[in-house]
Amino acid sequence: TEARSPEAAQSGMQPGLYAVGDGNQIYSRTRLNKDGTYTDYDDAMRPVGGGSWAVRDALMCFDPEGDGEDQQERCWTVSGPDANGVIMSARVDSDERYVITPIEE
């Protein structure tokens, strides 16, 4: 799926830099790239992981690089963005939920 598909626009997620957290604390920062890849960063903006992302059936799916125990594809429902650009996400196969906020660059 092309990263800039109509489904991506409907999900509220577009290429750019985002803070991922719980609304009070930021856990990580993630950059979605136009080519369908993503990079995760620590607090000092050092790359700490990445992989590919796609929108499928109104879900945002992330597939980390590698084949380790915690590197299988995970898909999320997303809602928003609200007036401040905040997006809510919920993992489809667990109770994980995150607040995703765009970061101006």
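**One disulfide and one buried arginine**

Okay, let's start with the cysteines: if you search the whole structure, you find one disulfide. Before I go on, keep in mind that this is a predicted model. For anyone who wants the reminder, a disulfide is a covalent bond between the sulfur atoms of two cysteines.

So which residues does the disulfide join? They're Cys 61 and Cys 75, with 2.0 Å from S to S. Where do those two sit? Cys 61 is in strand β5, which runs over residues 59–64, while Cys 75 is in strand β6, residues 74–79. That's why the pair ties together parts that are 14 residues apart in sequence.

There's a handedness to talk about, too. The torsion about the S-S bond of Cys 61 and Cys 75 comes out at about 110°, and therefore this disulfide is right-handed.

Now, are these cysteines buried or exposed? Cys 61 has a relative accessible area of 2%, so we call it buried. Cys 75 is at 14%, and since buried means under 20%, Cys 75 counts as buried as well.

Let's step back to the chain for a minute. What's it built from? One helix and eight strands. Going along the sequence, the helix comes up at the start of the pattern, which reads α-β-β-β-β-β-β-β-β. The chain has 105 residues, and 39% of them are buried. If you take the contacts with a separation of 6 or more, 28% are between residues 24 or more positions apart. As for the outside, the chain exposes about 6400 Å², with carbon and sulfur atoms supplying 46% of that.

The other residue I'd like you to look at is Arg 29. You'll find Arg 29 in strand β2, residues 26–32. Arg 29 has a relative accessibility of 17%, so it counts as buried.

What does Arg 29 touch? Leaving out residues up to four places away in sequence, the list includes Leu 17, Tyr 18 and Ala 19, then a run from Thr 39 through Asp 40, Tyr 41, Asp 42 and Asp 43, and also Met 45 and Ile 103. Two of those names deserve another word. Tyr 41 is 12 residues from Arg 29 in sequence, yet the C-alpha to C-alpha distance is 5.2 Å. And with Asp 43 there's a polar contact: the side chain of Arg 29 meets the side chain of Asp 43 at 3.3 Å.

That's my tour, so over to you.

Conventions
Residues are numbered from 1 along each chain as its sequence is written. This is a predicted model: local features need pLDDT of at least 70, side-chain atom pairs count only at pLDDT 80 or more; totals for chains, interfaces and linings use all residues. Side-chain values use heavy atoms; hydrogens and water are left out. A disulfide is a pair of cysteine sulfur atoms within 2.5 Å. Helices (H or I, at least four residues) and strands (E, at least two) are DSSP runs, numbered from the N terminus. Buried means under 20% relative accessible area, exposed over 50%, partly exposed in between (1.4 Å probe, protein chains only). Contact means heavy atoms within 4.5 Å. A polar contact is a pair of N or O atoms within 3.5 Å; within protein, one must be able to donate a hydrogen and the other to accept it, and residues adjacent in sequence count only if both atoms are side-chain atoms. Accessible areas come from the Shrake-Rupley method with a 1.4 Å probe; for residues, only the protein chains shown count as cover.
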